[in-house]
Structures are given as structure tokens and as C-alpha cells.
There are 2 protein chains.
Amino acid sequence: MSSSAPVTAAVLVIGDEILSGRTKDKNIGYIADYMTALGIDLKEVRVVSDDEAAIVAALNALRSTYTYVFTTGGIGPTHDDITAECVAKAFGVPLNFDPRAVAIMAERAAKTGTEMNEARMRMTRIPEGGDLVANKVSGAPGFWIGNVIVMAGIPSVMNAMLDEVAPKLKTGVKMISESVRADAREGDIGTELGAIAKAHPDTIIGSYPFVDEKGGPNTNLVIRSRDAGKLAEAKAAVEAMLKTIKAQLTR
Amino acid sequence: MSSSAPVTAAVLVIGDEILSGRTKDKNIGYIADYMTALGIDLKEVRVVSDDEAAIVAALNALRSTYTYVFTTGGIGPTHDDITAECVAKAFGVPLNFDPRAVAIMAERAAKTGTEMNEARMRMTRIPEGGDLVANKVSGAPGFWIGNVIVMAGIPSVMNAMLDEVAPKLKTGVKMISESVRADAREGDIGTELGAIAKAHPDTIIGSYPFVDEKGGPNTNLVIRSRDAGKLAEAKAAVEAMLKTIKAQLTR
């Protein structure tokens, strides 16, 4: 469903391995692109370590502020996987072995010839009231409770889980965008660009310097809006401004 | 200088372009590796949009919790670069044109044949009491105020700024680590690994599943500690456990 009020989201990445540098996160950028495509505004990301107090505090701060919170990491079978108990604690609900999850894991164990041991049973613990999020890659499910969607940290598994939940998410009016290559230094157009941004309050104008193919300083301008007409107006103003500035600089 | 108490850090990434997915962050992983090498514990990362209230709130939360806060992004010449005013607001100090920064920018403008206009003057605004952080790549400096170090978002510039401040940072006893390839499924060793983690409280043991060269499920175990002896003890326990489990599984 699509709503006219903005739908917002936050991502909570859980894991020592990201903070130590051992693993380079690939999930933040992927979820950012995914949310933009859905018309959901990703407003904040946090990365915290495998520490109960840190996870619970971040979860409670984010879930009370945004429409959805997506977590990645910490739902495996080992002692450092503590996301499920932290979510249960944040919601104040018991963490139970979930019969649906047990069935999935037992079927998987039978198929792979592995044992349904204590470690694998850890992965069947779901906070009471949570719905499972299917994992087509490796079996062990994520879950969805309240406005919090708990996913694996392994990118391929996370991507599959996001595909499962996406059709069920509320979405807003999509943000559309236009890029304009300035062929000018950011410092030469900053003041005029700021005036355009002020005059077009229903658009968001971003300025991103880059080094171009000639090795010189250049700037990409990105204009975003939920309204195509207002986007076009702001883009026209930006293009007119660039023309004027370039004429002045080459005088 | 090196201290025996842990030295901690947080990273605050500022920028709509990261949250929209347009730009993929490369700074978090770089700073994580850098902090680990210095013996500083990176404890938290946040990504927020170009929004004053969000930036000020995140800055105040992080700077009151960790030894250092490193920010990236939002110090360019355009209207969407609002990091300097947000830092000034968080610290409750005026934001002035800094004569040292003006001199750097004026010299650079003379060299590049550009104008010292209003936009470029924006980049000379430094919260009162802040020290400059030199930018050997493109001139416009970052700054350091209290325990907050403000750097550019462009990776090459951020990296140069980090090199400038690194020698001045307090550092802790370095965390050392050993990796052990388990050649076992995470689910087959989880319980035993948890017992080892509990019995070796001065180490941090992480378990990271991966798909190995034969296409099968495998696990890397990483043991970290500030004490080489305790690290060696935990590693030996992990290796003995793996031997026992593998003997059981192949019985």
C-alpha cells in the first residue's frame, strides 16, 4: 500500500566484526537503495557491537522514532548471536522456541544430514508475537515483531529476507530525482545553489564534488522531490544558474 | 601516548547521499581498520541526514559517551553542508570565520585562480576554540574541538585528515587477534564455542560463517584479546574443541 505521509526507516547493524574492520558492511548501501526504490525514507543507520545494553538502547531509540527498523546480524547459532534476546528484551516479551521455526530447522537438518542440537535450536528462538521471515538461502528464519524486522547479516541471506518482507511494507510516494553535471567547481556555485534550494522548499538539492575525466574538480547536483512539477522547476532554475555562472567565469 | 584504560571512539557519518543510496560509504570500514590498528575501540557508528536536529542530537549523544567522535561529511561550500554550524550548536559556541582557515583558503584560491567568494568563505567557519585539521589534498581544513574531530566526506580527503590527527590521539593497549578456520558448520560447534567464550572472559570470540572453496558451509573463528597469554590459551581451547567435534562427526 502507498500512503501520502512519508514512511521512514532506520537500519541497525549489529556486530563486532563491522566495528573492528574485519568485515566491511555491504548491507547499509543495499538497504538504502532498496528503500529509495520502495518510496521509504531511510533516515538513520546505527552500527553497534554484540553488547546487550547497546543493542537494546539503539533498538528502543529507533523503533520509537521511525516507521520501520531493519536489523542485520546476530541471529546465528553461536554465543555472540544475541539479537533475538535483545529484541525480546526491548519489547518486554518472552523468547520462546517457535514451533514454526523448529519445523523449518528440523527439515533443513534432515536434508543436510546435520544434528538438531542446542546451537541450532538457538536459531528457533523468536520473541513472542513475532512473525517469521523466510530464509530461502539457508533456512534459519528472521522475524518481524511490531515495527522491527530482524534479518541475517550475511548479505545474500539478508537480501532474500528483504525480498520476503518488501511486499508487506507500507510505502510512501516515491522520491524522484534528477542529476545535473555542473561542469563547475562546487565553490563557484555554492551561494547561488543555496538561494535556489531556499526558493524551492519542496525539493532537496544535494551537491557532490568529484574529480572528472580530465582530472579537474567538478560537481554533480542532485535534485529530489516527491512532486514531478516542482522537481522540473528546480532543475530548470539550477540549469539557468549554471549557464549564468559559466558565462561570468569565462568572461 | 598509550593508556591502560580502553580508549573508545564513535563515527558519525553525515549525509543524505549515503541514506538515499546514491553514494556508498567507504569511510566506516576505513576508520574501523584505522582505529583497530591504533588500539582504539570503535564502539558505535551512526549515519544521519543533512538535518540540524538529527546531527546535533547524534553528536551530543556520542561525544558524551566515547573518548573520541569522528565525523565525516558536510564541510563543503554548499547549502547542504551544515556540519560546522551543528558542531558549534552542540558545543554552544559561536561559529566564526577563522583567520587561519581564511589564510589557507585564500592561498589556495590564488593558486587555483578561483575567487574567494561567499561559498568558499563558508569553509573557513570554525567553531570557537577549535583547532584546524590540515587537508593536504584539497586545502579546506577540518577541525578538532573537544573530543570531536570533524573531517571531510570524500574518502581521499578524510584519509589525509585522519593521518594528521592520528599522532595526537590517546591510544589504548592494542587488541590482538588470531583466526582459526573451523572446517565445520557454525551450527555444529556453537554450544561448545559458547562454553569456551564463557571460560575465557578476557577474550572476545567471534564466529563468522562463510561458504568455502568447495561451496560448503564453513566457519572462521576470531579470538581477540589485549593479553597475548590469554589469547593463546583461548586459541588452544578452540583448537582442542574443534578436534574433538570433528572426531565425533566423522565417527
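How many of the 9 residues of strand S12 (residues 203–211) of chain A are buried? In this predicted model, the count comes to 7, so S12(A) ends up largely enclosed by the rest of the structure. Its pairing partner is strand S13 (residues 217–225) of chain A, and the two run in the antiparallel sense over 9 bridges. One of the bridge pairs joins Pro209(A) to Thr219(A) in S13(A). Together S12(A) and S13(A) make a hairpin with 5 residues between them, and in the turn Gly215(A) takes a positive phi of about 80°.

Over in chain B, helix H9 (residues 228–249) is the next element to look at. H9(B) has 22 residues and spans 31 Å from first C-alpha to last, close to the 32 Å expected at 1.5 Å a residue. Its buried residues are Leu231(B), Ala234(B), Lys235(B), Ala237(B), Val238(B) and Leu242(B). These cover an arc of only 160° around the axis, which puts them on the same side of H9(B). On the other side of H9(B) sit exposed residues, including Gly229(B), Ala236(B), Lys243(B) and Gln248(B). The buried residues of H9(B) pack against helix H8 (186–199) and three strands of chain B: S11 (176–181), S12 (203–211) and S13 (217–225).

As for how the chains relate, a turn of 180° with a shift of 0.0 Å along the axis lays chain B on chain A, at an RMSD of 0.0 Å. That is the relation of a two-fold axis. Within chain B, the C-alpha nearest the axis belongs to Arg46(B), 2.2 Å away from it. Both copies use the same surface, with 100% of the contact residues of chain B recurring in chain A.

Technical notes. Residues are numbered from 1 along each chain as its sequence is written. Chains are lettered from A and ligands numbered from 1 in the order in which they are written. This is a predicted model: local features need pLDDT of at least 70, side-chain atom pairs count only at pLDDT 80 or more; totals for chains, interfaces and linings use all residues. Helices (H or I, at least four residues) and strands (E, at least two) are DSSP runs, numbered from the N terminus. The expected span of a helix is 1.5 Å times one less than its number of residues. A residue is buried if 20 or more other C-beta atoms lie within 10 Å of its own, exposed if 12 or fewer, and partly exposed in between; C-beta atoms are placed from the backbone. The arc is that of the directions from the helix axis to the C-beta atoms. Two residues are in contact if their C-beta atoms, placed from the backbone, lie within 7 Å. Copies are superposed by least squares on the C-alpha atoms of residues with pLDDT of at least 70 in both. Two strands pair if DSSP finds at least two bridges between them.
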